[in-house]
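Open the structure in a viewer and keep the sequence beside it. The stops below say what to select and what is found there.

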Protein chains: 2
Amino acid sequence: MTSSPTLLLGPGPSNVPPRVLEAMARPLWGHLDPRFLDVMDETQEHLRHLFGTANEMTLPLSATGSAGMEASLANLLEPGDPILVGVAGVFGERMCEVARRIGAEVHRVDAEWGAALDATEMRDAIDRLEPKVVAFVHAETSTGVLQLVEEIAAAAGEAGALTVLDTVTSLGGTPVDLDRWGVDVAYSGTQKCLSVPPGLSPVSFSDRAVALVRKRERPVQSWYLDVSLLAGYYGGNRAYHHTAPISAIFGLAEGLRIVHEEGMEARAARHREAGRYLVERLGDIGFEPLVDETVRLPQLTTVLLPERVMEDGEAGVRRRLLAEHDIEVGGGLGPLAGRIWRIGLMGDNARPDRVDRLAAALASLLPGR
Amino acid sequence: MTSSPTLLLGPGPSNVPPRVLEAMARPLWGHLDPRFLDVMDETQEHLRHLFGTANEMTLPLSATGSAGMEASLANLLEPGDPILVGVAGVFGERMCEVARRIGAEVHRVDAEWGAALDATEMRDAIDRLEPKVVAFVHAETSTGVLQLVEEIAAAAGEAGALTVLDTVTSLGGTPVDLDRWGVDVAYSGTQKCLSVPPGLSPVSFSDRAVALVRKRERPVQSWYLDVSLLAGYYGGNRAYHHTAPISAIFGLAEGLRIVHEEGMEARAARHREAGRYLVERLGDIGFEPLVDETVRLPQLTTVLLPERVMEDGEAGVRRRLLAEHDIEVGGGLGPLAGRIWRIGLMGDNARPDRVDRLAAALASLLPGR
């Protein structure tokens with residue numbers, strides 16, 4: 001097994017800067033050691049800043065982004081509670097499935113894969129259904145679409161519903177502003193625009209959301225994800241709940257320092273520039289973007305495959321790209337499988353030289369144009 | 001923040017060997033990259049060996065040991081299902097709480113904290129209650145007691161119940177032999193006798209257990225922990241379910257290689273020797289073991305505190321041990337809080353020089369005997 005610096009341009013994980021890798025290799029401290037708790041404090045504070053929130057219960061959940069989705073919904077929903085989910089790709093679908101398993105009454109508004117949700121349609125459904133929770137995805141990793149949040153969250157707030165937002169692919173790449181938007185609960189992952197290995201899920205619960213969890217008739221089914229129990233460790237007392245993943249937290253803490261040093265404004269601009277350059281360079285060799293420019297994510301670009309890539313078998317081309325050029329890109333999911341690629345320029349990878357390396361590799365794999 | 005090589009002699013995490021730390025600092029591969037899948041294959045095979053099982057669904061769950069407990073119970077139990085839990089400490093109690101949240105009908109057999117469960121009492125309760133699941137802890141981290149498994153698991157098997165075993169503190173320190181014992185489901189953690197950072201939970205589900213999950217009337221509430229979904233990625237097809245925590249798996253893979261190189265027999269002997277030596281050395285300075293020798297865990301020793309440590313305030317002594325000698329030991333939990341310490345000699349730490357370092361530090365903190 002070699003340590004090849006594979007260029008990770010799929011939908012995540014993205015490449016991890018050496019500083020973060022080194023932090024993970026640091027000798028451990030105990031999870032109740034005051035020095036470790038300082039690192040946890042700093043990490044939670046950096047996450048609050050990045051989520052745009054003052055929520056005390058902002059913390060790195062000890063599991064991946066999918067568990068963050070589950071924690072968000074399982075804390076708020078009791079069996080029979082109505083939820084409205086905006087579905088425009090795999091991760092909206094997954095929210096429906098998770099909510100169904102909780103026993104919630106699931107309603108949905110769909111958008112075409114590759115388009116954003118229609119805010120007016122969402123507002124109408126909210127007014128009609130009066131759901132307890134409105135949930136949708138900020139940056140759909142399966143389609144490459146950016147969803148505007150403010151109008152939908154406002155409609156939910158006016159109707160007394162709590163808003164849950166998936167920020168797995170947005171956090172650290174596209175500005176997130178929970179408090180200004182009026183979002184109650186959000187979850188993310190570390191392996192996308194934070195450029196930290198997968199394994200943790202940054203989550204944020206508003207005081208209102210935590211109060212609602214504390215007032216539940218029956219406790220959250222998941223002891224592990226119950227935010228009212230997590231509050232014992234992440235809320236200041238630092239009492240034992242479960243053993244925090246020390247090394248992963250060291251990595252995340254370092255990754256967040258890097259984000260903080262760069263500043264979110266500069267970081268978002270860097271992602272926008274890189275995404276624009278990718279579309280331009282790939283356009284030159286026949287890959288056209290799936291998503292309209294107005295709602296296109298810069299950190300995750302979905303491109304329609306040229307005829308000849310489909311003829312060659314797109315999975316085979318991706319395999320050769322990995323085997324011969326050590327570059328990973330992602331295939332399509334669901335109705336887009338076989339028709340698109342998903343190309344991530346996330347976090348540390350949102351730089352033009354990565355685009356150049358990919359474009360050169362593709363040009364050599366697909367010669368004679 | 002310095003990189004102090006704190007000596008971690010609490011109930012976990014334990015110290016992590018440099019090889020494992022270096023493995024975690026390796027550049028990432030994608031979670032569907034064939035090279036990463038080879039690492040996953042090897043890891044699952046090593047876990048099977050260590051669990052003493054041929055179970056295909058043996059895998060590192062992407063969350064800590066507490067989530068392993070939850071996965072084990074949440075997959076097997078539906079609301080109303082009867083479960084019998086053997087309770088002899090914090091982790092047996094936690095099993096009851098997790099099962100209650102699932103809506104199971106929870107029965108329990110209690111043992112005094114510091115003693116093992118009475119196998120005859122467990123058998124009688126199994127015969128009387130005919131539970132669907134019998135659950136107990138192999139190595140109780142809150143008391144330092146080793147539980148003999150075979151007789152209870154046999155009684156459960158004869159009554160048609162499935163046995164769930166907590167091996168968080170045993171795996172890698174004390175031999176585990178699931179198939180021979182007739183245990184259906186087991187879970188563990190990485191931060192104890194495997195000497196790998198916390199963050200993953202090795203679990204194993206028998207084919208019979210997986211078949212039962214597939215036949216459930218209602219799906220497992222947790223999408224993240226549903227073993228019938230996890231089978232899509234960990235069962236051979238390697239289809240996307242959630243993003244595996246790449247770097248943590250690199251670390252676990254390396255940690256398991258170390259266990260494999262040493263061999264479980266030699267490793268268990270090393271733990272026994274170290275535990276024996278600890279009791280001897282600490283006895284010299286007034287710390288007597290809580291647990292009878294016949295059921296005493298070598299990797300986690302609970303010691304009754306000498307009068308003068310209690311007078312000084314035991315938490316203050318532990319704080320000084322950490323601040324002045326960079327050694328962590330654990331306090332007592334529940335009814336044992338303030339009365340005992342929990343001293344771990346787990347995995348790489350099960351060596352006499354660690355004992356000597358602790359004994360010397362304690363002698364200097366508690367002079368004049």
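**A tour in five stops**

Begin by selecting B:D326, which sits in the loop between α13 (314–325) and β13 (327–331) of chain B; helices (H or I, at least four residues) and strands (E, at least two) are DSSP runs, numbered from the N terminus. This is a predicted model, in which local features need pLDDT of at least 70 and side-chain atom pairs count only at pLDDT 80 or more, while totals for chains, interfaces and linings use all residues. Residues are numbered from 1 along each chain as its sequence is written, and chains are lettered from A and ligands numbered from 1 in the order in which they are written.

B:D326 is not a glycine, yet it has a positive phi of about 55°. B:D326 is partly exposed, with 15 other C-beta atoms within 10 Å. (A residue is buried if 20 or more other C-beta atoms lie within 10 Å of its own, exposed if 12 or fewer, and partly exposed in between; C-beta atoms are placed from the backbone.)

Next, go to A:S195, in the loop between β9 (185–187) and β10 (201–205) of chain A. A:S195 also is not a glycine and has a positive phi, of about 55°. Is A:S195 buried or exposed? A:S195 is buried, with 28 other C-beta atoms within 10 Å.

Now select A:G12 and A:P13, which are joined by a cis peptide bond with omega about 5°. A:P13 lies in the loop between β1 (7–9) and α1 (18–24) of chain A. In chain B, select B:G12 and B:P13: a cis peptide bond joins them, again with omega about 5°.

For the fourth stop, show helices α5 (residues 119–129) and α6 (residues 150–158) of chain B, which pack at an angle of about 10° with axes 9 Å apart. (Axes are lines fitted to C-alpha atoms, for helices over the stretch in contact, and angles run from 0 to 180 degrees between N-to-C directions.) That makes α5(B) roughly parallel to α6(B), the word for angles under 35 degrees. B:A119, B:M122, B:R123 and B:I126 in α5(B) meet B:E151, B:I152, B:A155 and B:A156 in α6(B); contact requires C-beta atoms, placed from the backbone, within 7 Å.

Finally, display both chains. A turn of 180° and a shift of 0.0 Å along the axis lay chain B on chain A with an RMSD of 0.0 Å, superposed by least squares on the C-alpha atoms of residues with pLDDT of at least 70 in both. The two copies are thus related as by a two-fold rotation axis. In chain B, the C-alpha nearest the axis belongs to B:A63, 2.4 Å from it.

Technical notes. Parallel < 35°, antiparallel > 145°, perpendicular 65-115°, else oblique. Contact = placed C-beta atoms within 7 Å.
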